[in-house]
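Grab a pencil and work through the exercises below. Each one sets a task and then walks through a solution.

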Amino acid sequence: MSTTELALPTSVVPSTWNPDTAALMEFSGLSWIQGGQRVFAPSGVMAAFLNACARTGLDPSAKQIYAMEIGGKWSIVTGVDGMRVVAQRTGQYLGQTPIQWTADGVNWVDVWLSDDAPAAARVGVRRVGFAEPLYQVVTWKEFGKTTGQWRTMKAHMLGIRAETHALRRAFPNDLSGLYTPEDIDGGHAAQDALVIAPTEDWEALIDAAQSKDELKAIVDRCQEAEELSDRIRTKVLTKYGMFNRAAEDAEREQVTA
């Protein structure tokens, strides 16, 4: 039995979790500290997440699968590598065609060299029983974004979007309900998705901050990296509150001394 199997809860009731389970659920984005109190994702979201882990065999401790809340809506998120793993485990996956891009919908190329965004990307997934690859085409007009990695890796990101769409179409029973950060719509979604694999461990840095000035410097770096999510903001405000309470306690001790 793997560590993940031991740590994943059998119940969505947090009071039944052991410390390892609680840590894994926090790592998976289903539990966090807000306003000095531990809060949890809705029980239905936790149940859906556990079912997805069991169905796909993906490992949340390796960040192959996690949950994300954006604008009040929850999604179960995996990377494109996780989708490939699930497809391969079916024993039906026969690979895919090279990703191609086009500027006009007529001429398709295997390498995109322009600094401009491609008009569309396409890829075909091969599966046992398919007479030919199942192609999926996505257009920049419908799916392109201007945040995060989309600004500097336009062709790469649109290609991933095409691949994840094709994989879900080819393996609907195995991949339905799973999304990658590239699939999630909304202007802030890409920024929040990047926090899952941050350039720095912002939460640990915030926890370790010893002063307001140090905390402000961390926030400034986080903003420059475009990784200041709502969850990080909440953690920052909580830390500021701790500093304020510590200062008030120190003042009271001086008065009573």
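Two rings of Phe, Tyr or Trp (for Trp, the six-membered ring) pair if their centres lie within 6.5 Å; planes over 60 degrees apart make the pair edge-to-face. Keep in mind that the model is a predicted one.

**Exercise 1. Classify the aromatic pair of W17 and F40, and work out what it ties together.**

Step 1. Start with the total: there are four aromatic pairs in the structure.

Step 2. Take W17 and F40, whose ring centres are 5.6 Å apart with 80° between the planes. The centre cut-off is 6.5 Å and the edge-to-face cut-off is over 60 degrees, so W17 and F40 form an edge-to-face pair.

Step 3. Now place the partners. W17 sits in the loop between α1 (3–7) and α2 (19–27), while F40 belongs to strand β2 (residues 37–40), so the pair links parts that are 23 residues apart in sequence.

Step 4. Check burial. W17 has 12% relative accessibility and counts as buried, whereas F40, at 32%, counts as partly exposed.

Step 5. For another aromatic ring, look at W108: R122 lies over its face, 4.2 Å from the ring centre.

**Exercise 2. Describe the largest nonpolar core: which residues touch the most other members, and which helix gives the most?**

Step 1. The largest core has 37 residues, and L30, F49, I65, L175 and L178 touch the most other members.

Step 2. Sort the core by element. At least two residues each come from α2, α3 (43–56), β3 (65–70), α4 (80–89), β8 (120–127) and α6 (154–170). The top contributor is α6, with seven residues.

Step 3. Go on to a second core, which lies apart from the largest one and has eleven residues, including W202, I206, C222 and V236. Within this second core, C222 is buried at a relative accessible area of 1%.

Step 4. Zoom in on L175. Leaving out residues up to four places away in sequence, L175 touches R55, M83, V86, L167 and R168.

**Exercise 3. Work out the strand order of the open three-stranded sheet, and say which strands stand at its edges.**

Step 1. The order is β3-β4-β10, with mixed pairing.

Step 2. β3 and β10 (178–179) each have a single partner strand, so they stand at the edges and one side of each has no neighbour in the sheet.

Step 3. Take one pairing in detail: β3 and strand β4 (residues 73–78) run antiparallel to each other over six bridges. E69 stands opposite W74 of β4.

**Exercise 4. Trace the surroundings of F27: is F27 buried, partly exposed or exposed, and which residues is it in contact with?**

Step 1. F27 is found in helix α2.

Step 2. Its relative accessibility is 40%, so F27 counts as partly exposed.

Step 3. Setting aside neighbours within four places in sequence, F27 is in contact with P60, S61 and K63.

Step 4. Compare sequence and space for F27 and A67: they are 40 residues apart in sequence, with 9.5 Å between their C-alpha atoms.

**Exercise 5. Give an overview of the chain: how many helices and strands are there, and how many disulfides?**

Step 1. The chain has eleven helices and ten strands.

Step 2. Of its 257 residues, 38% count as buried.

Step 3. Among contacts with a separation of 6 or more, 57% come from residues 24 or more positions apart.

Step 4. The C-alpha atoms fill a box of roughly 85 × 45 × 25 Å along the principal axes.

Step 5. Count disulfides with sulfur atoms within 2.5 Å as the cut-off: the count is zero.

Technical notes:
Residues numbered from 1 in each chain as written. Predicted model: local features only at pLDDT ≥ 70, side-chain atom pairs only at ≥ 80, totals over all residues. Heavy atoms only, no water. Phe/Tyr/Trp six-rings, centres within 6.5 Å; stacked < 30°, edge-to-face > 60°. Helix = DSSP H or I, 4+ residues; strand = E, 2+ residues; numbered from the N terminus. Buried < 20%, exposed > 50% of the residue type's maximum accessible area, 1.4 Å probe, protein only. Lys NZ or Arg CZ within 6 Å of the ring centre and 35° of its normal. Core = buried A, V, L, I, M, F, W, Y, C linked by side-chain atoms within 4.5 Å. Contact = heavy atoms within 4.5 Å. Pairing = 2+ DSSP bridges.
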